[in-house]
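Colleague: Please take one part of this model and go through it closely. Then follow its contacts outward, step by step.

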Amino acid sequence: MSPTLVLPVISFRAIAPVTVVAAAACLLLLLDLLPTRGRKDHLGVVGLAGVVLSMILTLSLWGSDERAFNGMVRLDGFALFFDLVIGFATGLVLLLSLDYLRRQGMESGEFYILVLFAAVGMMLMAAAGDLIVVFLGLEIMSLSLYVLAGWFVGRLEAGEAAMKYFLLGAFASGFFLYGIALIFGATGSTNLDRIGVAVGAGAGRDPLLLIGLGLLVVGFGFKISSVPFHMWASDVYQGAPTSVTALIATGSKAAAFAALLRVLLSAMRAAQPDWTMLMWWLAVLSMTVGNVVALAQQNIKRMLAYSSIAHVGYILVGVVAGGALGGGSVLFYLLVYTFTTAGAFGVILLLEREGREAVEVGDLAGLATRHPVLALAFSVFLLSLTGIPPMAGFVGKFYLFGAAVRTGYVWLAVIGVLNSAIAAYYYLRLIVYMYMRDPAGAPTVLVPSFPAGLALAVALWGVVQLGVLPAPFLDLAQAAVLPLLR
């Protein structure tokens, strides 16, 4: 009897949004070879067109639910929702980078190519149906971000950021890969569906699987910068170009949470009692440490780094709640956080003082008098991060903490609310500086940029829209998480 070769089902439709972004990156590789007059911003425009086309394709595929490549890739509402979130993050970063890189004297075609390849890795993580695909997406994203973090060659803090990010990231990848190996040893598969079946059949009590899951959490914990895997965040946020910092804070976090939810809510749902308490403690530590350390920061990028650690804690509250309610609130909050954080970094990117980026708290003194529109935009983003109505951040936190209360984690919601009160001090302090302090020394100037202004307008629309009319987007988020719970 001759052996039969069984080919896996190949559906390029399932990876169409990722393919468009990857094709745009490859096109930029070719266009970068053409002679130019020293300007490379047209490459950023072509990359932005690729991202927009990918988002349009994502919308056209809405409602699809299929598996491809032998179940290694999934096309469902969950993956499509994150394709949109990552598309918004990448598009905003490209817009913010167009004039910023030229101003810093570091414009290069490779920058836009790396941003697109990072987006490819993020989208793969969201669509992964197998731990191997999660790992591949993680590495494609991480390698691009390591290079982008050190883009300002010659600056000491940029080199430190890239080196620290690379070394700790490689260490975390090792943990992640070892975790995959142990889970394979316990269940006989790396496919999330088959792992879910094995865990439901009793493999969830296997110590090998629990250790493997713990190692996966270490890898994910580094990527989302949760405590105690957060030590890299402040130096990387400060040393990386501000637009890259925005991408690390938004797109990479969204992708890592997408893969984490795939693993926990889909493959490890039967072992939920084992990982819920671990996530509970990670949420509390991340919220508390992030907010307390942020109080002492004078550098705005470092402050936003610790603030992002605190927001990871808030998002983990939704992970602990689990189910359609908790998972949906996580997806909605990640969308809110993408618009808010990209907008906040966009404002910082437009300010200069004495030939350097205005990233110190004191640089904001009197900003509302000289640049009232920019100060107002920054205030909106800060109020949203604080969680003050009617901004989107308030609605996001309301649903996260509401999901925790409804599932019985009342004390977790209480700790989250108390931490939000602590965070209000350092967010509102920036508004006080802008509106109530007189500048000392050289004034902070606004560097006009139409692409960055457009990015801020889109981010403002997102914050206001999700704050005033959140219901349609929340319904989409809750529907998107349902494929994980079947």
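**Helix 3 and its partners**

Modeller: Start at the end of the helix. Gly105 comes just after helix 3 and has a positive phi of about 70°. Keep in mind that this is a predicted model.

Now the helix itself. Helix 3 runs over residues 77-103, which is 27 residues. From first C-alpha to last, helix 3 reaches 40 Å. That is close to the 39 Å expected at 1.5 Å a residue. Yet helix 3 also bends, by about 40° at Ser97. As for cover, 24 of the 27 residues in helix 3 are buried, so "mostly covered" is a fair description.

Next, the charged pairs. Side chains of opposite charge can pair when their charged atoms come close. The model has 14 salt bridges by the rule used here. One of them starts in this helix: Arg103 pairs with Glu352, with the closest N and O atoms 2.9 Å apart. Arg103 lies in helix 3, while Glu352 belongs to strand 3 (residues 351-353), so the pair ties together parts 249 residues apart in sequence. What is the exposure of each partner? Arg103 is partly exposed, because its relative accessible area is 25%, and the cut-off for buried is under 20%. Glu352 is buried, because its relative accessible area is 16%.

Two further salt bridges deserve a mention. Asp32 pairs with Lys40, the closest N and O atoms being 2.7 Å apart. Both Asp32 and Lys40 are buried. Arg356 and Asp363 also meet through their side chains, at 3.1 Å from N to O. Arg356 has 34% relative accessibility, so Arg356 counts as partly exposed. Asp363 has 2%, so Asp363 counts as buried. Salt bridges with shared partners also join Asp41, Asp99, Arg102 and Glu107 into one network.

Glu352 leads on to the sheet. Three strands make up an open sheet, in the order 4-3-5, with antiparallel pairing. Strand 4 (356-357) and strand 5 (445-446) are the edge strands, and each pairs on one side only. Strand 3 and strand 5 pair in the antiparallel sense over two bridges. Glu352 has Val445 of strand 5 as its bridge partner.

Val445 leads on to His371. Where does His371 sit? His371 is in the loop between helix 14 (367-370) and helix 15 (372-386). His371 counts as buried because its relative accessibility is 19%, just inside a cut-off of under 20%. Leaving out residues up to four places away in sequence, His371 touches Thr444, Val445 and Leu446. A polar atom of the His371 side chain lies 3.5 Å from the backbone nitrogen of Leu446.

One more buried acid, in another helix. Asp235 is placed in helix 9 (residues 233-239). Asp235 is buried, because its relative accessible area is 16%. Neighbours within four places in sequence aside, Asp235 contacts Glu160, Ala161, Lys164 and Arg302. Asp235 and Ala305 are 70 residues apart in sequence, and their C-alpha atoms are 8.6 Å apart in space.

To trace the route again: Arg103 forms a salt bridge with Glu352, Glu352 has Val445 as its bridge partner in strand 5, and Val445 is among the residues touched by His371.

Terms used. Residues are numbered from 1 along each chain as its sequence is written. This is a predicted model: local features need pLDDT of at least 70, side-chain atom pairs count only at pLDDT 80 or more; totals for chains, interfaces and linings use all residues. Side-chain values use heavy atoms; hydrogens and water are left out. Helices (H or I, at least four residues) and strands (E, at least two) are DSSP runs, numbered from the N terminus. Buried means under 20% relative accessible area, exposed over 50%, partly exposed in between (1.4 Å probe, protein chains only). A polar contact is a pair of N or O atoms within 3.5 Å; within protein, one must be able to donate a hydrogen and the other to accept it, and residues adjacent in sequence count only if both atoms are side-chain atoms. Contact means heavy atoms within 4.5 Å. The expected span of a helix is 1.5 Å times one less than its number of residues. The bend at a residue is the angle between axes fitted to the seven residues ending there and the seven starting there. A salt bridge is a side-chain nitrogen of Lys or Arg within 4 Å of a carboxyl oxygen of Asp or Glu. Two strands pair if DSSP finds at least two bridges between them.
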